[in-house]
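Dear colleague,

I am passing on a structure for you to look through, and below it I have set out what I found. Please read the notes alongside the coordinates.

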Amino acid sequence: MRAREPDDHGSVVRDGVRVAYEVFGDAPHTILLMPTWSIIPSLTWKAQVPTLARHFRVVTFDGRGSGGSDRPAGPEAYADEEFVADARAVLARVRRGADPDPALVVGFSCGVAWSLAMALEAPEEVAGVVAIGPALGLVPGIEERERQVFLQEPADPASTPEGWATFTRHTWLHGDYDHFLRFFFGRMFNEPHSTKQIEDCVAWGHEIGPERLVDTEFARTSCRAPGFAQRVVQADVPLLVIHGDDDHVRPYAEGIALADATGGTLLTIAGGGHAPHARSPIAVTRAVREFAERLWPETSVRRTWTRGRRRPRRALYLTSPIGLGHVRRDLAIADALRKHHPDLQIDWLTQEPATGVLARAGEHVHPASAFLASECAHVEDEAAEHDLHAFQAIRRMDEILAANFGVFDDLVREEPYDLVVGDEAWDVDYFLHENPELKRFAFAWFTDFVGWVPMADGGPAEAALTADHNAEMIEHRARFQRVRDRSVFVGNPDDVVDETFGPGLPGIREWTEENFAFSGYVTGFDPIGEADRQAVRASLGLSPEDLFCVVTVGGSGVGEPLLRRVLDAVPMIRRVEPRMRFLVATGPRIDPRGLPRRRGVRLRGFVPDLHRTLGAADVALVQGGLTTCMELTAQGVPFVYVPLRHHFEQNVHVPHRLRQYGAGHRLAYEEACNPDALAHALLAEVGRTPATRRVETDGAARAAALLADLL
């Protein structure tokens, strides 16, 4: 799922070649994000588009040979002048008015040459150029690369070339093309922990195919006019050069030479590789935006600055929208925090369905929440039948996380906050550690699990990826302890799994005890008493003889297959136990009208204060999410839980915690698909008194006490 869909899209056709473009936003000034070498499409700009499009009109197009554009044959189709002409044709197509403002043109690698050529050829169309990792040939290339000859045939065709020796026509057409892609993009993203960027680019590299890629390389070496680089640097436009000083594809000296030749500004990404816009997206996006704002300064601006002692205490609360458990506990913590500071003003930055809960509670949801890309929609898009690979889903949410951090960054830049609380706000925590200079407030991090854990069927590859993800987090914390003023685990030390982060990494529980404070679990409610229990049952029309089962699958839409399996088993359950009555709570993102009707079953969508209904149940059947399981545990209700397949938290972290409390019966989805097995498991729990450890009721107060002094 993309973080932002285009507001307009289409194509232009030149000499029979169709070039696909997209337009985002409708601001007065335009930023054109140019294509680069056709081995990757315009999606390379995915981390920049959502943030820039909230301030400018952003135009992207797939270079010929990539993405949605045609893949013409022959080197001549990929000559420099063709890309320049395509860019001008796209701008002409999306142009507004007879005399439009010129665009800021942003190029990466090969795209820098075309951006400068466009500025030289049509200066009235270009307001300025941003050159990222320029590949112009102003200085000698990487020595190891320069020793290779693209057309050279191998002395031993059966041998497997390595390194830059894979950059040959023979390897691409007759050898291991995938091996070349992995090498090349490994050099392009030589920064540690770049597995996702490499993975993206390898997949894109397969889209063009080796035959057309050979054409593009011939175009670069045989179709480029003599003195091209020396000519295009004569473009007389404002220029910002961004170059990593550890670039292993084009030397850093190239960026210096371009800035020197043009009098442009140079932003060095220290420790950065060839594609900083993908690997260090926040720094690059902010640099592009600031450069654009200098080209097009605001007019008639009015701002207010308040003296420090006049400012009220303000907190920005970021609650995860994936499921509704986060928002319930966060409301409880916020209420407890107000007891320490009655004058505290709290704004909430989050998404549906959390925003609906907050609105009903009378809380202030910040208007900037409307700009957030939907995490729930992404999760639902990733899900199959009761199957959600949670680790990979978060990994593939990189575009959304970058976009949503951009919303957060804009907000805290404009409005002063004393405290930011992030309840599993992965975007803010990660990018603050990557860009620690952006922290201008106290920051507290909350989570109910620590450690990404591989699934067994993921094999060594997934184990390596989760270990790499964990290692990056550990390195962040070791280097930038100051980013988090509090790290709070919502639970107790024994609730942390006793596993390792990966080979050579510390134990998860040991590391968590050293780096976190523990609040105990936060339910956000007091268990209902017997009088309330009977009142809830009476409101549902239940008689004293009825047995009551609640079925719920959380706040996202991924649980619908389980609901259907339960409904399939209802007739069998009721034949064995005719007294059984069911309430199926589908949650805010599943329409109950789309589910089959069954005798003895009441279907409802979102149920406010669901914990009260759960507390009135004789038994429950739920998905494996922590919140609902702990709500049932706190109220002593026996239950069956069915973890989502491949969801490491529901299959590892949640079962471990439930074992600490002696609660719940775990049922695999494969068993739940069998109506006999599901009915047997559910009926076996009816009447059982769980031998559970008491769930603490002071977790919210303890959590608030850990925050109070930060204000």
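The largest nonpolar core, meaning a set of buried Ala, Val, Leu, Ile, Met, Phe, Trp, Tyr and Cys residues joined through side-chain atoms within 4.5 Å, has 91 residues, and I31, F180, F184, F185 and M188 are those with the most contacts inside it. Helix α3 (residues 110–121) contributes the most to this core, with eight residues; helices here are DSSP runs of H or I with at least four residues, numbered from the N terminus. Another core lies apart from it and has 58 residues, including L419, M630, L632 and A703.

This is a predicted model, in which local features need pLDDT of at least 70 and side-chain atom pairs count only at pLDDT 80 or more, while totals for chains, interfaces and linings use all residues. Residues are numbered from 1 along each chain as its sequence is written, and side-chain values use heavy atoms, with hydrogens and water left out.

If neighbours within four places in sequence are set aside, F185 is in contact (heavy atoms within 4.5 Å) with I39, I40, I198, C201 and V202.

In helix α8 (residues 210–222), the buried residues are P210, L213, V214, D215, T216, E217 and A219, where buried means under 20% relative accessible area, exposed over 50%, and partly exposed in between, with a 1.4 Å probe and protein chains only. Among the elements covering them are α5 (169–174), α6 (177–188) and α7 (195–208).

R360, by contrast, sits in helix α14 (residues 354–360) and counts as exposed because its relative accessibility is 54%. Its C-alpha atom is separated by 9.4 Å from that of P608, although R360 and P608 are 248 residues apart along the chain.

Best regards

Note on methods:
Helices (H or I, at least four residues) and strands (E, at least two) are DSSP runs, numbered from the N terminus.
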